[in-house]
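The following exercises invite the student to read a protein model with care. Each task is followed by a solution in steps.

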Amino acid sequence: MAAQEQKIEFYNGPAGGWGALRSVTRALLAQDIPVKGAKTLLSANQPDGFDCPGCAWPDRNHASTFEFCENGVKAVAAEATARRAGPELFAQHTVTELAARSDFWLEDQGRLTHPMVYDAASDRYQPIEWDAAFALIARHLNALPDPNQAIFYTSGRASNEAAFLYQLFVREYGTNNFPDCSNMCHEPSGSGMRPQFGVGKGTVTLDDFERTDAIFIFGQNPGTNHPRMLGELRAAHKRGARIVSFNPLRERGLERFADPQDKREMVTMGATPISTHYFQLRIGGDLAAVKGMMKQLLERQDAGESLLDAAFIAEHTTGFEALAADLRAESWEVLEQESGLDRAQLRAAGDVYAAADSAIVCWGMGITQHAHSVATIQMLGNLLLMRGNVGRPGAGPCPVRGHSNVQGDRTMGIWEKPPAALLDRLAEVYGFEPPRENGMDTVEAIAAMRDGLGKVFFALGGNFAAATPDTYETWKGLRRCELTVHVATKLNRSHVVHGREALILPCLGRTEIDIQAAGPQGVTVEDSMSMVHISTGINPPASAQLLSEPAIVARLAEATIGHRSRTPWRWLVEDYARIRDHIEAVFADFKDFNRRVAVPGGFRLRNTASERVWATSSRKAGFFTHPVPRDTPSHRARARFAGKGGTKGDTRVFTLLTTRSHDQYNTTIYGHDDRYRGVFGQRRVVFIHADDIRDIGLKNGDWVDLRTVWDDGQERRADRFKLVAYDIPRGNLAAYYPETNPLVPLSSVALNAGTPASKSIPVILVPHVAPEQGAEVETARTPYAVGA
């Protein structure tokens, strides 16, 4: 591929529009599937088609044949690609050579076609038969003195059927070690909402977006991460709903959107505004901002206005008086200082909420990946409860999740902290005693592997080496394992950061036909709004060697525990309806599963909070009181350097958030453009306020190194990033992951949730000094080195 021109160029257009259509065309052409890709897309998110692997935003009633978005097209094109990464590729390259390649290059080689095993003597992956691969894994697992030395990771793209079999196998094997992508994204949402509402999921549906008066969006960029959400926001704006966005960066998808299906907007080059109010708060300032909104409500209530839902609060909640006392005592000066918004802005946001008869609060990883994320989410819950905006039309909490079935995997039991009721039911149905002690989450699993306590790592999808924090520590842990195994559709970073023995197991993708003994099979997924529906692939498999994820799990279980398990593993995967019967036998909410999922669009799982039935310890919804965070890692880092002065940024502490580019989905890099932010042909950029560039004695376009300020004595750095002047609050920075993941300390996690705090990293900027000519630069074993 020819090198792209690198430029920074302000983008003045809307989200979507002609730029999105051109991007769709380029994505299909880049994967050599202009005709196949177009036909495939017509089946995306259709009742008789496949669920887009791009995100977990729910589907409408399929009135249109075009139920996909720009970034969904990139995900589908990447999976349906004509390119193949078969044994020939691995014969041409040692693993050391592959490790020196970029993440984009690795995935751009195409679909994996054969199971591969690492050969240390040649430093290459070589083909292996499926039976031999399963025997190798089983030998390692059964040789462990303690099942808890095995770690079983799960990606949110795994189907309900695969996830159910997976958790059943692993618990029969003897451990609850289920680190998964929930641990790295929305774990705080469940941790915050369960004690507050009795459920760990959002309560709203798409119908609520049609009926609400106001939508509040915190820490989310739907234009890149959930583009189909823009259609709902556009429709809400057109009918007069208020849309209030809180985000440190100006994001084009929150400003205006041109719907590619609207002929008038496309012909006239028009667009629809999205946000009616846009508040650029400081990174991590959301809790203070929400507290300011609630304080405004309470002050107006105390002045004689009837704004709070007193009857709802009295009948359905506990803890309000303690919250009200805390709000009355809170200082406006502290709220302004910590939110980065002035009092007039905080009051204005509160007034919009007060004027709305119903309101929805949405949030993404800009909320969850902070040390105080659980407290912030409970503050958002408090805001809703004050006016009775839970359990009625047009209102409620809406955590917007990423992977297309990350919520379903948790529903199926992929959880390192399983509830006793689930374990009891598994014991009753399957006749074995499941392990009762909690397993490891993602951060704990990394530490265990690093310390030699985790011996075998098995990943059902995902890209663990690239997605996780503290990259040096993660890679050190993976390399200490006796065996690493990755189920995948494409080559990625995790396959070249491996244990002493390693396997790559290629699986079917969401777009592909899955043939089992009973014929073609469909799998089920659960979206962000608890809708469960079927997904059926339409394309021939990329290789005759591919197995489905349910088949891989079943055959692994048979090889490992078949001698002592009563579960009919092979029989179950002959017909996935049998797996769904077993799911129904374990989970009461899936009664008549096969019948209900056969209805176009599927069915919605019961959500007790939607019914104002509170499955909490008090049997009521709870108000929770939390102080404004004033002792965050950034606070402590700034105090450490206070008064030291310095030049060229060597002691100026910034707060960095990691983010995606528009040509990216999680760790998958589709290209090197970030159209909406004006970045083209490159990724090593750091967004910074123009005045901050001046104050550290540098200029726009200069190159800097980023260094984490932490108190454990370990150096964490990411080198050679270009300064890009951007509309972001002073003292704040943004840069792309996974290149900046080495800056996130393993110990920097959300309190009471364990999620890496990747959105609030204290860093300093140091002018980059190029290595002397002829100096060796190691790229193969160094995370995201400049030359990689």
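The exercises below concern confidence, the nonpolar cores, aromatic pairs, cysteines and a buried loop residue.

**Exercise 1. Confidence**

Task: State what the mean pLDDT of the protein is, and identify stretches below 50.

Solution.
Step 1. The model is predicted, and its mean pLDDT is 93. A value of 70 or more is reached by 95% of the residues.
Step 2. Residues 646-650 fall below 50, and this stretch has 11 contacts in the model beyond near neighbours in sequence.
Step 3. Residues 777-781 are likewise below 50, with 13 such contacts.

**Exercise 2. The nonpolar cores**

Task: Determine which residues touch the most other members of the largest nonpolar core, and describe the surroundings of Phe169.

Solution.
Step 1. The largest nonpolar core has 59 residues, and Phe152, Phe164, Phe169 and Leu505 touch the most other members. Helix α8 supplies the largest share, namely eight residues.
Step 2. A separate core of 54 residues includes Val334, Val361, Trp363 and Ala621.
Step 3. Phe169 belongs to helix α8, which spans residues 160-173. Buried means under 20% relative accessible area; Phe169 has a relative accessibility of 0%, so Phe169 counts as buried.
Step 4. Setting aside residues up to four places away in sequence, Phe169 touches Leu141, Phe152, Val553, Leu556, Ala557, Thr560, Ile561 and Trp569.
Step 5. The C-alpha atoms of Phe169 and Glu558 are 9.0 Å apart, although 389 residues separate the two in sequence.
Step 6. Phe169 also joins Phe152, Tyr166, Tyr173, Phe178 and Phe458 in one aromatic cluster.

**Exercise 3. Two aromatic pairs**

Task: Classify the pair Trp130 and Phe134, then the pair Phe164 and Phe587, as stacked or edge-to-face.

Solution.
Step 1. The whole structure contains 28 aromatic pairs.
Step 2. In the pair of Trp130 and Phe134, the centres are 5.5 Å apart and the planes differ by 25 degrees, and the pair is stacked. Planes under 30 degrees apart count as stacked.
Step 3. Both residues, Trp130 and Phe134, lie in helix α7 (residues 130-143), four residues apart, about one turn of the helix. Trp130 is buried at 8%, and Phe134 is buried at 3%.
Step 4. For Phe164 and Phe587, the centres are 6.3 Å apart and the planes stand at 70 degrees, so this pair is edge-to-face.
Step 5. Phe164 lies in helix α8 and Phe587 in the loop between α28 (576-586) and α29 (593-597); the pair therefore ties together parts that are 423 residues apart in sequence.

**Exercise 4. Cysteines**

Task: Find how many disulfides there are, and explain why Cys185 does not bond to Cys181.

Solution.
Step 1. A disulfide requires two cysteine sulfur atoms within 2.5 Å.
Step 2. The closest cysteine sulfur to that of Cys185 belongs to Cys181 and is 5.4 Å away, which is too far for a bond.
Step 3. Cys398 is in no disulfide either, since its nearest cysteine sulfur, that of Cys362, is 4.1 Å away.
Step 4. The count of disulfides is zero.

**Exercise 5. A loop residue**

Task: Decide whether Thr667 is buried or exposed, and list what Thr667 touches.

Solution.
Step 1. Thr667 is in the loop between β26 (664-665) and β27 (668-669).
Step 2. The relative accessible area of Thr667 is 9%, so this residue is buried.
Step 3. Beyond residues up to four places away in sequence, Thr667 touches Glu107, Asn463, Ala466, Ala467 and Tyr737.

Methods:
Residues are numbered from 1 along each chain as its sequence is written. This is a predicted model: local features need pLDDT of at least 70, side-chain atom pairs count only at pLDDT 80 or more; totals for chains, interfaces and linings use all residues. Side-chain values use heavy atoms; hydrogens and water are left out. pLDDT is the predictor's confidence in each residue, from 0 to 100. Contact means heavy atoms within 4.5 Å. Helices (H or I, at least four residues) and strands (E, at least two) are DSSP runs, numbered from the N terminus. Buried means under 20% relative accessible area, exposed over 50%, partly exposed in between (1.4 Å probe, protein chains only). A nonpolar core is a set of buried Ala, Val, Leu, Ile, Met, Phe, Trp, Tyr and Cys residues joined through side-chain atoms within 4.5 Å. Rings of Phe, Tyr and Trp (its six-membered ring) pair if their centres lie within 6.5 Å; planes under 30 degrees apart count as stacked, over 60 as edge-to-face and the rest as tilted.
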